[in-house]
Amino acid sequence: MTTLLAGFIGGALMGLIFVTHASLVLVFRTPVGLARRAAEGTVIGMVMAGTVGGLVVWSLLGVAAAILFRATETEQSLSVGAVPNTLYLIILLFVAAIATIPAALFMRNRLRHLATEFALFIGIFGWLIPAMVKAF
């Protein structure tokens, strides 16, 4: 149960950061289609659904990451420096690399923001969630 809680907390943190960052990007660099919808006044439902959906999805991904960390953790797990489990980190980096390709194609003109989100993802999911799982 504490594994699930650690994953949920880490995922919720990532979700809050993601929603905040996405909101700032959309406010300061609003896409043309979104600006047109906002002028009509029909954007509030989409914003609320994106916010709630983002928080729920990241929280569930955090729980899945905590379960994966616990599943790959053994007595012989290789721990290097501050990395609690090298196998888990390699799996996480592989998933991030695979997800980067379609994300980069979708967000061609916002690659700096995408790189920031992936760096936060690797930090939270690769270090914080495993540290919380071990701490609980």
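**Exercise 1. Place Ser59 in this predicted model: which helix holds Ser59, and is Ser59 buried or exposed?**

Solution.
Step 1. Find the helix. Ser59 lies in helix α3, which covers residues 44-72.
Step 2. Check the accessible area. The relative value for Ser59 is 6%.
Step 3. Apply the cut-off. Buried means under 20%, so Ser59 is buried.
Step 4. List the contacts, leaving aside neighbours within four places in sequence. Ser59 is in contact with Gly7, Phe8, Gly11 and Ala12.

**Exercise 2. Describe how helix α1 meets helix α5: what is the direction of α1 relative to α5, and which residues make the contact?**

Solution.
Step 1. Locate the helices. α1 spans residues 2-28 and α5 spans residues 111-135.
Step 2. Read the geometry. The two axes come within 9 Å and cross at roughly 165°.
Step 3. Turn the angle into a direction. Angles over 145 degrees count as roughly antiparallel, so α1 is roughly antiparallel to α5.
Step 4. Add the hand. The crossing of α1 and α5 is right-handed.
Step 5. Name the residues. α1 brings Thr3, Ala6, Gly7, Ile9, Gly10, Gly11, Leu13, Met14, Ile17, Phe18, His21 and Val25. α5 brings His113, Thr116, Glu117, Leu120, Phe121, Ile124, Phe125, Leu128, Ile129, Met132 and Val133.
Step 6. Sort this contact of α1 with α5 by class. There are 15 nonpolar residues, seven polar and one charged.

**Exercise 3. Do the same for α3 and helix α4: what is the direction of α3 relative to α4?**

Solution.
Step 1. Locate α4. This helix runs over residues 86-106.
Step 2. Read the geometry. The axes of α3 and α4 come within 8 Å and cross at roughly 140°.
Step 3. Classify the angle. Roughly antiparallel needs over 145 degrees, and roughly perpendicular covers 65 to 115. Therefore α3 is oblique to α4.
Step 4. Add the hand. α3 passes α4 in a right-handed crossing.
Step 5. Name the residues. Ala65, Leu68, Phe69 and Thr72 of α3 meet Leu87, Tyr88 and Ile91 of α4.
Step 6. Sort them by class. The contact of α3 with α4 has six nonpolar residues, one polar and no charged.

**Exercise 4. Explore the largest nonpolar core: which members touch the most other members?**

Solution.
Step 1. Take the core, with its 19 residues.
Step 2. Pick out the members with the most such touches. They are Met14, Tyr88, Leu92, Phe121, Phe125, Ile129 and Val133.
Step 3. Trace the elements. α1, α3, α4 and α5 each give two or more residues to this core. α5 gives the most, with eight residues.
Step 4. Follow Tyr88, not counting residues up to four places away in sequence. Tyr88 touches Ala65, Leu68, Phe69, Thr72, Phe125, Gly126 and Pro130.

Technical notes:
Residues numbered from 1 in each chain as written. Predicted model: local features only at pLDDT ≥ 70, side-chain atom pairs only at ≥ 80, totals over all residues. Heavy atoms only, no water. Axes fitted to C-alpha atoms, helices over the stretch in contact; angles between N-to-C directions. Helix = DSSP H or I, 4+ residues; strand = E, 2+ residues; numbered from the N terminus. Parallel < 35°, antiparallel > 145°, perpendicular 65-115°, else oblique. Left-handed = near helix turned anticlockwise from the far one by under 90°. Contact = heavy atoms within 4.5 Å. Nonpolar A, V, L, I, M, F, W, Y, C, P; charged D, E, K, R; others polar. Buried < 20%, exposed > 50% of the residue type's maximum accessible area, 1.4 Å probe, protein only. Core = buried A, V, L, I, M, F, W, Y, C linked by side-chain atoms within 4.5 Å.
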